[in-house]
Amino acid sequence: MSAPTEPRIPLPTSPDAPAVSSRDTALHPRPALDWRLRFGALSLVWGFSFLLIKVGTDGYAPFQVTLGRLLFGTLVLAAAMVWKRERLPRGARTWGHLAVAALLLNALPFSLFAYSELTIPSTLAGICNATSPLWGMALSMVALSEDRPTRRRVAGLGIGFVGVLTVLGAWQGFQGLDAAGTTMALLASLSYPIGWIYVRRTLAGSSESNLSLTGAQLLIATVQLAVVTPLFTEAPTHFALVPLLAVIALGALGTGLAVLIQYGLVAEVGPTTAQMVTYFIPVIATAAGVVILGESLTWSTPVGAVIVLAGAALTQSRPRISP
């Protein structure tokens, strides 16, 4: 995804934030399908990702779900690279930075979300993901010198924090909440803006294409999980069909195809509009978890989610400059 022109960290629009490149947007052809339809498809795919993680972990270990997700996502991007005749990036320095980006933006958060959903509902995981803009703004004001704390952004952080406490039921002493699973989901959400800040400092303005950078990033993340998974899990003795299909869909659609759709949206309508998909993900994740998986929902969950999203929107908004 191309780096936005605003001097602030972009919203991590998904669990699949790609590396940043200065190339592509000017040369990207306008697709035949209206951007609003692609925006809706992207929202659905990323919103359903948390349901697919939950289904996948019903049959496979979390590391195995993450490895499968990365593998099938990488295959989709590899096919796209062959179609567009793109090459992998060159230079050891670029690959070194991509290795860090792969860990922070893919391998680590994907694994944390998979482990978290062993003990928390997919609805809660989806809402935790919506806290990424809050983490991002807090970190960027410290790590990025061009970001200045304004009253609006500080207010957004405060409102978002109240929303998180509402979702978690702080006034009830967090009763019935699995602390370990929730912590892992929040740490996964924190990993995205850390990765984005690193990418902005090291890969922003790269001459390589977005597709090339992200294809390499997912390839490295796949290798990272391929090394780690056998150390902590045993190979499955049988392959449960429904969880396997969920993992394939999670990788091919939610990680591979979704990134390609995102590129087209950024090129056509710009990063600010494309990033609005962030606000639909927790809504869809909650609806999918309740309707399809039968997860319970108390009043504090949707109310807290709305407050979190309102706070996130404030941290990303910019005051109008008078002419």
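Met-137 lies in helix α5, which covers residues 132-143. Helices here are DSSP runs of H or I with at least four residues, strands are runs of E with at least two, and both are numbered from the N terminus. Is Met-137 buried or exposed? Met-137 counts as buried, at 0% relative accessibility. For this label, buried means under 20% relative accessible area, exposed means over 50%, and partly exposed is in between, using a 1.4 Å probe and protein chains only. Met-137 also has a partner in space: its C-alpha is 7.7 Å from that of Arg-153, although the two are 16 residues apart in sequence.

Before going on, a word about the model. This is a predicted model, in which local features need pLDDT of at least 70 and side-chain atom pairs count only at pLDDT 80 or more, while totals for chains, interfaces and linings use all residues. Residues are numbered from 1 along each chain as its sequence is written, and side-chain values use heavy atoms, with hydrogens and water left out.

## The whole chain

Let's step back and look at the full picture. The protein chain has 12 helices and zero strands. Of its 323 residues, 53% are buried. Contact means heavy atoms within 4.5 Å. Among contacts with a separation of 6 or more, 91% are between residues 24 or more positions apart. On the outside, the chain exposes about 14,400 Å², and carbon and sulfur atoms supply 68% of that area. Accessible areas come from the Shrake-Rupley method with a 1.4 Å probe, and for residues only the protein chains shown count as cover.

## Two helices to follow

Here is a side-by-side view of two helices.

| Helix | Residues | Number of residues | Reach, first to last C-alpha | Expected at 1.5 Å a residue |
|---|---|---|---|---|
| α6 | 151-168 | 18 residues | 26 Å | 26 Å |
| α9 | 241-269 | 29 residues | 39 Å | 42 Å |

The expected span is 1.5 Å times one less than the number of residues in the helix. Helix α9 bends by about 35° at Ala-258; the bend at a residue is the angle between axes fitted to the seven residues ending there and the seven starting there. The buried residues of α6 include Arg-153, Gly-156, Gly-160 and Gly-163.

What follows each helix? Just after α6 comes Gly-169, with a positive phi of about 70°. After α9 comes Gly-270, whose phi is also positive, near 90°. Most residues other than glycine have a negative phi. Arg-85 is not a glycine, yet its phi is positive, at about 60°. You can find Arg-85 in the loop between α2 (62-84) and α3 (92-116), where it is exposed with a relative accessible area of 77%.

## Salt bridges

How many salt bridges does a search of the whole structure find? The search finds two. A salt bridge is a side-chain nitrogen of Lys or Arg within 4 Å of a carboxyl oxygen of Asp or Glu.

One of them joins Arg-36 and Asp-34, at 3.2 Å from N to O. Arg-36 is exposed at 53% relative accessible area, while Asp-34 is partly exposed at 35%.

The other joins Glu-268 and Arg-38, whose closest N and O atoms are 2.4 Å apart. Glu-268 lies in helix α9 and Arg-38 in helix α1 (residues 35-56), so this pair ties together parts that are 230 residues apart in sequence. Glu-268 is partly exposed, with a relative accessible area of 23%, whereas Arg-38 is buried at 9%.

## Helix α8 and its surroundings

Leu-88, Leu-219, Val-223, Val-227, Leu-231 and Phe-232 make a nonpolar surface patch of about 590 Å². Patches use residues with over 30% relative accessible area and no salt bridge; like charges are joined within 9 Å, and nonpolar side chains (Val, Leu, Ile, Met, Phe, Trp, Tyr) within 5 Å. Val-223 belongs to helix α8 (residues 210-232) and is partly exposed, at 46% relative accessibility.

Leu-219 appears again in another setting: leaving aside neighbours within four places in sequence, Thr-74 is in contact with Leu-218, Leu-219 and Thr-222. Thr-74 sits in helix α2 and is buried, with a relative accessible area of 12%.

Finally, Leu-203 lies in the loop between α7 (179-202) and α8, and is buried at 3% relative accessibility. The C-alpha atoms of Leu-203 and His-97 are separated by 7.3 Å, although these residues are 106 apart along the chain.
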